[in-house]
Structure formats: C-alpha cells, structure tokens
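Dear colleague,

I am passing on the structure below, and I would be grateful if you could read it alongside these notes.

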Amino acid sequence: MTDIKKVNLLGLSPDKLIEFFESIGEKKFRATQVIKWIHQKGAESFEEMTDVSKALRAKLEQICEIRGPEVVSQTISTDGTRKWIIRTEGGKNDCVETVLIPDGDRATLCVSSQVGCSLDCSFCSTGKQGFNRNLTPAEIIGQVWIAIKSFGPMDPNGPRRVTNVVMMGMGEPLMNFEPVVDAMILMMHDHAYGLSKRRVTLSTSGVVPKIYELVKRTDVSLAISLHAPNDALRNELVPINKKYPIAELLEACQFYLANLPDKRHITIEYTLMSGVNDNEEQAYELAELLKDLECKVNLIPFNPFPHSGYEKPSNNRTRRFQKILADAGYTVTVRTTRGDDIDAACGQLVGDFHDKTRRSQKYIELREVKS
C-alpha cells in the first residue's frame, strides 16, 4: 500500500487553507484557528491545538503535516547577524541561506526564493553558483517561521522578533511568482505574522511583465536592483536588462506606484564597484535617470567574494557618490555591511546545491583560464 502524501499546511495561504478545510467537509473558521497556531504560536503538531476538537485533530494528523525546512546550521556574526543554512526538499545538496540582521528594536530577515538563481548578475556570488529549482511556499514562509522560533517559544502578544522581511536572499523572486506571492500574503496576514505592507519588500532585477502582474495581487513594497545608470553598463552587470531595458523597467515601476492604494516610493538598490559604476559622472547620470520616479536610493558597497573581479570602492568615492545624489534631492542611504565575517552580507549568499544550469562549472573554468 502506497503511503498517502500529506498536505503541508505551513505553506498554504489563508484562502487556500479555507479551500482545503471546505474540501474535507469542515467549516472555514477552522482555517483561522490553524493559521494562528502555526504562524503565531509556532505549533509543530496538531496535538498542540487545544481549541480544535480531538476528532478534527485526529483527522488532520492522518492527512496533513506541519513541516518546516530542515536547518543544517545556524551561525551568529560578531555583530549579531544570524545566518541559517536550510536544506530544501531537493535533497542534501540543495541548500539555501537566510539572514537575520538586528538593528536596535528592528530585525530584518532576508529570505531566499530559489535554490540558486536563474539570473547571472556578474557581481553576485549567488548568481555565479547557477540554478536548481524554485522554492515552495512552505520553504519560503518556513524561513520566517524558523527565524522567529530560533529565539524560543513564539508569543503573539510579545515583542516582534522579525519586524521587516525582504525578498532579497538567493534567487529572483519574480521568477518564482506564485509561491512568493502566497508566502508574502502570509507574512502580512493579521492571523499569521501581521507585518505591514511597508515592511515586506520584494527586490527584483527587473522582470518587467511580473511587476505589472504583482500589483494586481499584492501591495508589498518594491525594490529594484539597478546597479547602473545606463543600458550599456547594465547589460554587462545585470544581463536581464538586454530583455527588459531600463526605460521599460522604470515605466513598470511608475505603473506599480500608480496602482497602489497609498503613496509609496521605490527603493533603488545600487551596488558600488570600484572603477565600474562609482564615478561622479555616473552619479549625475543616475540622478537624471531617476528624476521622474518617486524613489530613494540605497547604495551598497560591493562585498567581495573569491575571483569576482570586482573591488569595494573607497569610503571617499562612496561618500562623493552619495553627496551628488543627495544634492540632487534624493534620500540616499549607504548600507552598512553586516555579517560579512560569516559570508552573510549582500551578494555573498551561496548555498550548496546541484546546479542544473552548469553555470558554476563554466564560471570555475573561466576563472582558471584567466588565472
């Protein structure tokens, strides 16, 4: 007799959980009870759900499970940053990384959406590792679940252990659209994690058609990994730009903002690389490029990884770039490097997985030729 594959309730959005309970002949309010137990109280078994009848608990035990991703390791940086290596359902060599960055009374969780990355941005360590597969909704929301539980028993009435979530980990979120949307809905749902739409941010390299689709499904905050002030340079750094050039990307951003229910801005992420995109002329060009977009700019000094070919800019060049943008009227922040001693800084996430694209092998061969 073949074992019945159990339904993992961890990754079901509220609407899908209601549909599930109705499909097994139960009232839809059961979905609210179960969501609270899983996402607010951290329940790992149905026996813990004391306000659910014994009969229903027994029924759920037969056909369902609450299964988060497997934690391979947790490392804590000297600055308090935590990094988890999480094994996915793909097997022992399919791992992703999740990073929690504390900052006073805030804690930002950087969540992965793919095992590896299907894009090939030249300055990103994850991109150089290639791609295996998309994460499931349970594997995505499971990263939030794991991070909060790492502090001890979950208390819905206690202080928030995670105040912000950014889809900026391994992978391009918009290339794994449905699972990412389901997970973000759970992040913001009052009966789950209750995060504000301003505190859940999706970062994309510019999958333009999906930006138009995204605003029809959710109103999370949007960040754009731009990294260049013109198409010629961006084509080299962010290859998807050849398909969706900057003008089309900015038009999609305007559409996104115009269709939100409130006034918002786009976050422009710009990784500064010495001698590549950090000179004064490029700062002025960027200021002109973004003049019609409601945005703020987040400058990210490059975080080195082996054989990348890029270097971190000097503090003076970074400050000069920032000043030019600030003088042009932009709100500009410089991201503080956090967790680099445990390879948890922006652009350093690697993981361990079987690369279906063979990009990692090609990259290693190219490095060997150059050396």
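What follows covers the conventions, the whole chain, one helix and the nonpolar core.

This is a predicted model, in which local features need pLDDT of at least 70 and side-chain atom pairs count only at pLDDT 80 or more, while totals for chains, interfaces and linings use all residues. Residues are numbered from 1 along each chain as its sequence is written, and side-chain values use heavy atoms, with hydrogens and water left out.

The protein chain contains 12 helices and 14 strands (DSSP runs numbered from the N terminus, H or I of at least four residues for helices, E of at least two for strands). Of its 371 residues, 52% are buried (under 20% relative accessible area with a 1.4 Å probe, protein chains only). Where contacts (heavy atoms within 4.5 Å) join residues at least 6 apart in sequence, 68% of them link residues at least 24 apart.

Helix H5, residues 137-149, has 11 of its 13 residues buried, among them Trp145 and Gln143. A kink of about 25° is centred on glutamine 143 in H5, the bend being the angle between axes fitted to the seven residues ending there and the seven starting there.

The largest nonpolar core (buried Ala, Val, Leu, Ile, Met, Phe, Trp, Tyr and Cys residues joined through side-chain atoms within 4.5 Å) has 105 residues, of which Met187, Leu214 and Leu290 touch the most other members. Leaving aside neighbours within four places in sequence, leucine 290 is in contact with Leu226, Leu250, Ile268, Cys295, Val297 and Tyr330.

With best regards

Technical notes: Buried means under 20% relative accessible area, exposed over 50%, partly exposed in between (1.4 Å probe, protein chains only).
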